[in-house]
Amino acid sequence: MTGPAAVNLVPCTVISNREVSRGNFLISLRVSRAFAKPQPGQFVHLRVGDEGEPLLRRPYSLEGFVERGRVRAVRIYYSVVGRGSKVLASHAPGRELDLIGPVGVGFAPRPRRLPILVAGGRGVAPLLFLSRRLRDKKRDYVFLFGARSRGELYGAREVRGGRLHLATDDGSVGYEGSVLDLLEREWTKGEHTPLTAEIFTCGPHGLLHEISDFARTRGIRCEASLEGPMACAMGACRGCPVPLLPGADSDRYPAMCVEGPVMDATVVDWERLP
Amino acid sequence: MKPSLAVRIGSLTLRNPVLVASGIIGYGREYERLVPLEKIGGIVTKTVTLRARAGNPPPRVYETASGMLNSIGIENPGLDGFLESKVPILRDLPCAAIVSVEGEDVDEFCELVRGVDGCGAAHAIEVNISCPNVGPHGLRYSTDAGMAREVMAAIRPLTRLPLIAKLTPNVTRIAEIAEACEECGADAISLVNTFIGMAVDTRTRKPILGTVLGGLSGPAIKPLALAKTWEVVQAVDIPVVGMGGITRPSDALEFLLLGAAAIQVGTALFADPGLPLACVEEIEAYLGRMKASSIDDLIGALEVPEGRGVIRAGRAVRREHGGRAS
């Protein structure tokens with residue numbers, strides 16, 4: 001059993017930063033060898049600008065990690081939604097930044113269980129990373145991916161080695177409706193039981209809430225990757241509390257940064273999580 | 001020869017005047033890989049309360065223009081948890097460990113000071129009478145000179161450790177509170193805690209923070225913090241530890257020049273863990289440029305035109321500090 005990889009402050013350089021669909025970007029950052037090999041679901045705390053705007057770093061889940069010879073790079077799939085991502089989208093190749101990472105707890109698939117990956121929108125990022133690791137280990141998996149429309153199904157074409165099902169709100173590709181419907185259809189096939197399958201999910205918290213309810217009522221193990229504002233991402237400032245449902249441990253708030261961002265979805269009190 | 005950067009806070013000698021503020025760095029270990037603690041003066045721990053606190057509901061942090069609002073609510077393991085799980089960490093720190101405490105009443109402050117005094121790992125105690133995020137009356141002890149006096153007078157006989165009273169800037173006459181603390185035996189004053197602030201989500205028509213109000217920190221508050229620190233250095237004779245919005249190394253110099261004996265780095269450390277060391281290096285370089293032999297030549301070296309910038313508050317301005325405050 002190895003402990004979590006060391007968290008370091010690591011300089012990085014933009015290799016590429018392109019808009020893959022309207023408002024959605026993929027950035028590749030070259031990192032030094034000081035950056036430990038990350039697990040899917042872990043994130044980096046990126047200083048997107050060094051001029052004090054924005055003031056705080058931004059946590060970004062990893063879409064991938066590439067190692068070729070002595071070169072290491074991380075990939076982040078992000079949407080321009082606020083001040084930080086707007087600055088990030090402006091960076092050209094060669095721009096130097098720094099990041100803290102890899103941070104947090106990643107996905108922990110168990111042996112001999114079928115992983116069912118459920119992605120909503122840009123929440124696909126850490127699940128693409130996870131699917132590649134599963135493929136590398138020659139493990140079978142199911143990948144359910146829902147988005148608003150065709151253009152937002154980033155990465156769907158490179159999902160290999162698993163069974164991919166797509167859903168779009170507008171029906172432009174795949175099933176017309178929510179990825180939750182896909183999950184229900186998958187489960188009612190009768191091939192899976194809580195002893196043979198488990199769910200890994202990431203997406204808008206409203207969707208994660210629904211998937212978590214689905215899993216809890218059926219006794220299915222379900223890990224979700226959470227998202228939220230963070231100040232330190234080191235477990236020090238206590239600025240990213242995760243509210244838990246009544247029961248064991250509900251008298252405290254785990255820190256999303258170091259006790260997450262991947263957590264047991266069925267104990268999270270989604271009503272109280274912004 | 002390099003000038004000495006050592007400064008004194010009561011009986012405590014710091015290797016240099018750069019500290020990390022309470023609530024920023026946990027108990028040191030959280031950041032030990034990123035902040036070279038052996039090269040800075042010390043850290044102030046997350047505030048310890050008598051009973052464990054889960055803290056406030058989310059959201060607890062929100063970035064504003066050049067600032068950060070927080071309403072953490074002093075999430076901490078309580079005195080017993082601190083003694084059991086955090087003191088061993090503090091013992092191994094390669095810098096001064098200043099333990100921050102906050103009680104809900106005078107008795108709690110006393111119990112906390114006794115507990116920390118006896119733990120053997122604290123180099124000083126920062127008395128947090130100024131957190132804006134606790135209870136309906138979180139600020140009462142540092143918005144009222146009488147109550148500040150009551151707390152300081154009660155805890156002073158309980159320890160020989162230096163007591164640093166941390167003040168809120170959310171008052172009209174901060175010098176009055178500082179003077180009250182000094183009279184009751186405080187070894188130093190630290191300021192500022194956060195400014196009470198608020199943000200509104202126009203989409204949901206709700207306050208952004210879970211607790212509605214929070215504390216504002218970051219570069220946005222630096223000019224405000226400097227003015228409060230200036231007011232206090234003119235009013236008291238004990239050392240003043242200045243903080244509020246230090247984001248660049250030269251910001252630390254500003255506080256020292258106007259008379260702070262030490263500074264604390266806060267919010268900016270989240271983005272730049274190298275900032276405390278950069279502050280030390282900046283102070284060293286500045287002393288070199290001044291051809292100064294000691295940091296004492298820098299502290300309070302602000303040149304102020306006669307009679308200007310004097311904040312008449314509290315008793316009487318009686319401190320002559322750089323500028324002639326007459």
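How many residues of domain 1 of chain A are in contact with how many residues of domain 2 of chain A? The count is 19 from domain 1 and 18 from domain 2 of chain A, where contact means that C-beta atoms, placed from the backbone, lie within 7 Å. Everything below comes from a predicted model, in which local features need pLDDT of at least 70 and side-chain atom pairs count only at pLDDT 80 or more, while totals for chains, interfaces and linings use all residues. Residues are numbered from 1 along each chain as its sequence is written, chains are lettered from A, and ligands are numbered from 1, in the order in which they are written.

**View 1. The two domains of chain A meet here.** Chain A splits into domain 1 (8-103) and domain 2 (114-272), with bounds that come from an automatic or database domain assignment. Their centres, taken over C-alpha atoms, sit 22 Å apart. On the domain 1 side, β1 (8-21), β3 (43-47), β4 (58-61), β6 (71-79) and β7 (96-103) of chain A are the elements that give two or more residues. Strands (E, at least two residues) and helices (H or I, at least four) are DSSP runs, numbered from the N terminus. That side divides into nine nonpolar, seven polar and three charged residues. Here Ala, Val, Leu, Ile, Met, Phe, Trp, Tyr, Cys and Pro count as nonpolar, Asp, Glu, Lys and Arg as charged, and the others, Gly among them, as polar.

**View 2. An antiparallel open sheet of seven strands in chain A.** Read across, the order is β4-β3-β7-β1-β2-β6-β5 (chain A); strands pair if DSSP finds at least two bridges between them. β4 and β5 (64-68) of chain A are the edge strands, each pairing on one side only. Direction ignored, neighbouring strands are turned by 35° against each other on average. At the β5 edge, β5(A) and β6(A) share five bridges in the antiparallel sense, and A:R68 has A:V71 of β6(A) as its bridge partner. Helix α2 (residues 124-136) of chain A lies across β4, β5 and β6 of chain A, at about 45° to β5(A). Such angles run from 0 to 180 degrees between N-to-C directions, and axes are lines fitted to C-alpha atoms, for helices over the stretch in contact.

**View 3. A mixed open sheet of seven strands in chain A, with helices on it.** The order is β11-β10-β9-β8-β12-β13-β14 (chain A), with β11 (175-176) and β14 (262-264) of chain A as the edge strands. Strands β12 (residues 197-202) and β13 (residues 222-225) of chain A pair in the parallel sense over four bridges, and A:T201 stands opposite A:A224 in β13(A). Helix α3 (residues 179-188) of chain A lies across β8 (114-120), β9 (142-147), β10 (163-168) and β11 of chain A, running at about 155° to β9(A). Helix α4 (residues 205-218) of chain A touches β8, β12 and β13 of chain A, and its direction makes about 170° with that of β13(A).

**View 4. Some backbone oddities.** Most residues other than glycine have a negative phi, and most peptide bonds are trans. A cis bond joins A:E53 and A:P54, with omega about -5°; A:P54 is in the loop between β3 and β4 of chain A. In chain B, the bond from B:L191 to B:V192 is cis too, with omega near 10°, and B:V192 lies in the loop between β10 (188-191) and β11 (195-198) of chain B. A:R112, in the loop between β7 and β8 of chain A, has a positive phi near 60°.

**View 5. Helix α7 packs on helix α9 in chain B.** The axes of α7 (residues 249-257) and α9 (residues 275-290) of chain B are 8 Å apart, at an angle of about 60°. The two are therefore oblique: under 35 degrees would be roughly parallel, over 145 roughly antiparallel, 65 to 115 roughly perpendicular, and the rest is oblique. The residues in contact are B:P249, B:S250, B:A252 and B:L253 of α7(B), and B:A278, B:C279, B:E281, B:E282, B:I283 and B:Y286 of α9(B). They divide into seven nonpolar, one polar and two charged.

**View 6. Chain B against chain A.** Here 29 residues of chain B are in contact with 27 residues of chain A. β5 (61-64), β6 (67-70) and α8 (268-271) of chain B are the elements giving two or more residues to the chain B side.
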